[in-house]
Amino acid sequence: MNPVATPSSLEQFLQNVGIKQWKNLFYNLSYDELFKHETDPALEGYERGTVTTSGTVAVDTGKFTGRSPKDKYIVDEPTSRTNVWWADDACAGSDNKHLSAEAWQHLKDISVKQLNGKKLYVMDGFCGTNLQTRMSVRLVTEVAWMAHFFKNMFIRPTAEELKNFKPDWTILNACKTSCQDFAKYGLRSEVFGAFHIAERMTVIGGTWYGGEIKKGIFSIMNYFLPLKGIGAFHCSANMGKDGDTALFFGLSGTGKTTLSTDPKRALIGDDEHGWDNDGVFNFEGGCYAKCIGLTREREPDIFDAIRRDALLENVEVDANGQVDFNSKKKTENSRVSYPLNHIANIVKPVSKGGHPKHIIFLTCDAFGILPQISKLTKEQAMYHYLSGYTAKVAGTELGVTEPKAAFSSCFGQAFLLVHPTKYADILGKKMDEHGSQAYLINTGWYKGKYGVGQRIPLVENRRAIDAVFNGAFDKAEFETLPIFNLKFPKTLPGVDPQTLHPRDSWPNKEEYDQMIRKLAQMFSDNFKKFETTEEGRILAAAAGPKL
């Protein structure tokens, strides 16, 4: 295997970064070339990929099968100091820890040292389909499958665009190294994902999880775009046959990817989007879907996207290359990345759409309190957007018998670099300007809380969303949920009425009445962090639950 031809400017770029020598330099390899590299029998450990029966390569990411948000650091310097939502802000919840210039230099030095003299893979891509605001990104890594992951998830430049490609942002992925003297530099552990906004660079060490590459750049887009008044959102998006665009917000496990991948609508993207004066645009060139429990019957588009050029992470593969998607042996966060063109029904040629007509917030309410679908006022939309509620089900830990509420501002708290209210303010203004309607959809439980009731079937959620898109929802009669003051329909075509009426579905009405007050108090307690401002207090009074 010979290194492909590289522009002389790339060698100068590496020299400027501090990488003075390399064993081989592979620049923007094709999928076929990457396949050969990542399945090389000479590779060992987490570097080596396994070919599955679908032709997809499967890799493991070690003990980190998800992001490590508590190991995220931003260099505290004049560019970032007044703009970043810091972890020590009065509004709790930020993962953006201060990093000194000295600590940054050390992390950069050990990353460069790790990459120096190695076989290197350099990949170029774009983040954002809007030509005016997209970011050109360059990855430098010594792991072939991480180059593959980057190629899947970012927008792939044309040959013409590569001729004069200049990165706006650089990622040095040095997953094989770690910061052993982390306490000296004020770090939490030996793991790091550090960002220098003025230097336009990320360094990653101590973790093999590919998602750190993708989510790191998403965080940077979340910094630059809102400062320009452009929405940057953790959401999926799709488009109807008449060109109507919809956004789907939701935390992991709420159905964001599944429900937006709709055979009746064309997919724009499954995770990260901007909203500017022209409409909605995708940040990515691929999708990153959860695999646990995946079947062709339940999610045919995602299942069929798992073929050659896709990349599986942390799935169980037997000696014959057969994948067990039900296995939780490695993690419940098994994933697959694949290029957008693996989905047949996508928006072409550019993954973007008009101003969204419908905005859907997905929450998995394991307490079984919220209606399956509610219509929100603009103030309620901003309140629930800032709250970012879902619930985690009781685990196997001794003594844990009830669901646990989880609040993640803007349905993506870990990726916010500026204050949450900045994103909510942009969302509210965009809704006003374009007449967008927001809905809250419960993909969780009814007939009781988790352990007592039942999960609302996926088909019922699809039918409720279909009613929004085809106009049947607007013709419904509505009731109001007490305390939360949420308007929900009495009936919808083809939808089980029990899923629409949460209290009516519970055998024990008194228990429901106790639980709704308990959940409302959780909402109120969480939102107090936003009530340090007049705007937050007004929003809480207008849209928060009334106990």
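## The two cysteines

In this predicted model, Cys 410 is buried, at 1% relative accessibility. Cys 91 is buried too, with a relative accessible area of 2%. What keeps Cys 91 from bonding to the closest cysteine sulfur? That sulfur belongs to Cys 410 and lies 9.4 Å away, which is too far for a bond, since a disulfide needs the two sulfur atoms within 2.5 Å. Cys 410 is accordingly in no disulfide, and the structure as a whole holds zero of them.

## Helix α10 and its neighbours

Let's turn to helix α10. Two packed helices are described by the angle between their axes and the distance between the axes. Helix α10 covers residues 378-387 and helix α16 covers residues 534-543; their axes come within 9 Å and cross at roughly 110°. That angle makes α10 roughly perpendicular to α16, and the crossing is left-handed. On the α10 side, the contact involves Glu 379, Gln 380, Met 382, Tyr 383 and Leu 386, which meet Leu 539, Ala 540, Ala 542 and Ala 543 of α16.

How do α10 and α11 run, parallel or antiparallel? The axes of α10 and helix α11 (residues 420-434) come within 10 Å and cross at roughly 150°, which makes α10 roughly antiparallel to α11. This crossing is right-handed. From α10, the contact draws on Lys 378, Ala 381, Met 382, Tyr 385 and Leu 386, while the α11 residues taking part include Pro 420, Tyr 423, Leu 427 and Met 431. Met 382 and Leu 386 of α10 therefore appear in the contacts with α16 as well as in those with α11.

## Helix α15

Helix α15 spans residues 509-527, and its 19 residues should cover 27 Å at 1.5 Å a residue; the end C-alpha atoms are indeed 27 Å apart. Its buried residues are Tyr 512, Met 515, Ile 516, Leu 519, Ala 520, Phe 523, Ser 524, Asn 526 and Phe 527. An α-helix has 3.6 residues a turn, so residues three or four places apart point the same way. Among the elements covering the buried residues of α15 are the helices α10, α14 (502-505) and α16, along with the strands β24 (389-392), β25 (404-407) and β29 (478-481).

Helix α10 meets α15 with axes that come within 10 Å and cross at roughly 80°, so the two are roughly perpendicular to each other. Here Tyr 383, His 384, Leu 386 and Ser 387 of α10 meet Phe 523, Ser 524, Asn 526 and Phe 527 of α15. Those four α15 residues are also among its buried ones.

## Helix α4

Helix α4, residues 101-115, also has the expected length: its 15 residues should span 21 Å, and its end C-alpha atoms are 21 Å apart. The buried residues here include Trp 104, Leu 107, Ile 110 and Leu 115, and among them too are His 106, Lys 108 and Gln 114. Just after the helix, Gly 117 takes a positive phi of about 80°.

## Two buried loop residues

Which residues does Asp 365 touch beyond its neighbours within four places in sequence? They are Leu 370, Tyr 389, Ala 391, Asn 442, Gly 444, Trp 445 and Leu 519. Asp 365 sits in the loop between β22 (358-363) and β23 (373-376), and it is buried, at 0% relative accessibility. Its contact Leu 519 is one of the buried residues of α15.

Thr 443 lies in the loop between β26 (437-442) and β27 (445-446) and is buried as well, with a relative accessible area of 4%. Setting aside residues up to four places away in sequence, Thr 443 touches Thr 254, Leu 259, Leu 362, Thr 363, Cys 364, Arg 455, Ile 456 and Asn 461.

## Backbone features in loops

A few backbone details are worth a look. Lys 348 and Pro 349 are joined by a cis peptide bond, with omega about -5°, and Pro 349 belongs to the loop between β20 (335-339) and β21 (352-353).

Asn 314 has a positive phi of about 60° although it is not a glycine. It is in the loop between β17 (311-313) and β18 (316-317), and it is buried, with a relative accessible area of 3%. Asn 485 likewise has a positive phi, near 60°, and is found in the loop between β29 and β30 (486-489). Asn 485 is partly exposed, at 47% relative accessibility.

Note on methods: Residues are numbered from 1 along each chain as its sequence is written. This is a predicted model: local features need pLDDT of at least 70, side-chain atom pairs count only at pLDDT 80 or more; totals for chains, interfaces and linings use all residues. Side-chain values use heavy atoms; hydrogens and water are left out. Buried means under 20% relative accessible area, exposed over 50%, partly exposed in between (1.4 Å probe, protein chains only). The expected span of a helix is 1.5 Å times one less than its number of residues. Axes are lines fitted to C-alpha atoms, for helices over the stretch in contact, and angles run from 0 to 180 degrees between N-to-C directions. Angles under 35 degrees count as roughly parallel, over 145 as roughly antiparallel, 65 to 115 as roughly perpendicular and the rest as oblique. A crossing is left-handed if the near helix is turned anticlockwise from the far one by less than a right angle, and right-handed if clockwise. Contact means heavy atoms within 4.5 Å.
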